[in-house]
Every structure is written in C-alpha cells, then in structure tokens.
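Student: I would like a close look at one part of this model, the strands and what packs around them. Please take me through it step by step, then place the rest.

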Amino acid sequence: MGALPVFRWHLAPDGYATRRQLRARGLRPGGQGVAAQLERPRRRRGPLIAYLYRIDLAKPVRPMTPARWAALAKANAARRRCPACRRDAGYVIPASLGMCVPCAYPHDCAA
Ligand SMILES: [Zn+2]
C-alpha cells in the first residue's frame, strides 16, 4: 500500500471522494480498492487519515428492484404471521409473546 497517493486535507483532487461522500451521491466504492488517502495533521498524535475512492469507478448503490421489494414484503409478512393461529396479526409478532395478542391472552380478548 506504499504507492498510495497521499493528499493534504482539503487538497484532494477532483474525482476522489470518501466512502461517506460517495454515499451522499448514491454511490458505493463498488469493489475498487482505496485509491488515495487524505492526511490531516494533528498535534502530538498521528495524522487523521481518510480513505478516498475514485468516483469514476464507483457504482450506484444497488437499487430496490421489484423482486427485492417483494422479498422484503414477504419477510415482513412472515414476521406479522402468528405461529399459533396462522393469521396476519397486522403487526410484527412480539418476540416476548411469540404469538399474536389474542392468542397470548385469549380470555382478555373474548371479553
Ligand atoms: Zn394468533
């Protein structure tokens, strides 16, 4: 990693961004390695280092496709389904009960 270009803080060239800056643009490093690093000198301590990635090699954050939305909805539906009565409780089954409220407290709900 000794060949990594090092830039002074605030003097990073165009085309480079930190992971956080990429995320703000809806990008992710996308498998590329660290392209450069920024160093901010500090008193009596080692410099603060930030890693930079090349924006031209960054990839868009994986978008939500219909299939991913469907998988997410299915996972959420499974968490709402009561294992006792098999019904969709309409809310996530509380782990403390392990079943929907009417199943956990049948006498309360019958009243
Ligand atoms: Zn139930």
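**Thr18 and the sheet around it**

Tutor: Thr18 is buried, because its relative accessibility is 17% and the cut-off for buried is under 20%. Keep in mind that this is a predicted model. Thr18 belongs to strand S2, residues 16–18.

Look across from Thr18. Leu52 in S5 stands opposite. The two strands, S2 and S5, run antiparallel and are joined by 3 bridges. Contacts tell a related story. With neighbours within four places in sequence set aside, Thr18 touches Ala50, Tyr51, Leu52 and Tyr53. Leu52 is thus on both lists, as the residue opposite Thr18 and as one of its contacts.

Now stay in S2 and move to Tyr16. Tyr16 is partly exposed, at a relative accessible area of 25%. The ring of Tyr16 also takes part in an aromatic pair. A search of the whole structure gives 1 such pair. The partners are Phe7 and Tyr16, with ring centres 5.9 Å apart. Their planes meet at 55 degrees, so the pair is tilted. The cut-off for edge-to-face is over 60 degrees.

Next, S5 from its other partner. Strand S5 covers residues 45–54 and pairs with S4 in the antiparallel sense, over 6 bridges. Two of the partnerships can be named. Glu39 has Ile49 as its bridge partner in S5. Arg42 has Arg45 as its bridge partner in S5.

S4 and S5 form a hairpin, with 2 residues between them. Arg44 sits in the loop between S4 and S5. Phi of Arg44 is near 60 degrees, a positive value in a residue other than glycine. Arg44 is also exposed, because its relative accessibility is 83% and the cut-off is over 50%.

Turn to the partner of S4 at the start of the chain. Strand S1 is residues 6–8, and S4 is residues 36–42. They run parallel, and 3 bridges join them. Arg8 has Glu39 as its bridge partner in S4. Glu39 therefore appears twice: as the partner of Arg8 and, towards S5, as the partner of Ile49. So what is the sense of each pairing? S1 with S4 is parallel. S4 with S5 is antiparallel. S2 with S5 is antiparallel.

One general point helps when you read side chains off the sheet. In a regular strand, side chains alternate between the two faces of the sheet.

Now the packing. The largest nonpolar core has 6 residues: Ala17, Leu22, Leu27, Tyr53, Ile55 and Ala58. Tyr53 of that core is also a contact of Thr18. Ala58 gives a good view of its surroundings. Leaving out neighbours within four places in sequence, Ala58 is in contact with Leu22, Leu27, Arg28, Pro29 and Gln32. Leu22 and Leu27 are core members too.

Helix H1 covers residues 19–24, and Ala24 lies in it. Ala24 is exposed, with a relative accessible area of 70%. Ala24 and Pro63 are 39 residues apart in sequence, while their C-alpha atoms are 15 Å apart.

Last, the metal site. The zinc ion is coordinated by the SG atoms of Cys82, Cys85, Cys100 and Cys103, at 2.2 to 2.3 Å. Along the chain the donors follow the spacing C-x2-C-x14-C-x2-C. The angles among the 4 donor atoms are 103 to 117 degrees, and the site is tetrahedral. How do two of these donors compare with the solvent cut-offs? Cys100 counts as buried, at 5% relative accessibility. Cys103 is partly exposed, with a relative accessible area of 24%.

Arg86 lies in the loop between helix H2 (66–80) and helix H3 (101–104). Phi of Arg86 is near 65 degrees, a positive value in a residue other than glycine. Arg86 counts as exposed, at 54% relative accessibility. Arg44, too, has a positive phi and counts as exposed.

Terms used
Residues numbered from 1 in each chain as written. Predicted model: local features only at pLDDT ≥ 70, side-chain atom pairs only at ≥ 80, totals over all residues. Heavy atoms only, no water. Donors = N, O, S within 2.8 Å, 3.2 Å for Na, K, Ca; no water. Tetrahedral: all angles 85-135°; square planar, octahedral: opposite > 155°, others 65-115°. Buried < 20%, exposed > 50% of the residue type's maximum accessible area, 1.4 Å probe, protein only. Core = buried A, V, L, I, M, F, W, Y, C linked by side-chain atoms within 4.5 Å. Contact = heavy atoms within 4.5 Å. Phe/Tyr/Trp six-rings, centres within 6.5 Å; stacked < 30°, edge-to-face > 60°. Helix = DSSP H or I, 4+ residues; strand = E, 2+ residues; numbered from the N terminus. Pairing = 2+ DSSP bridges.
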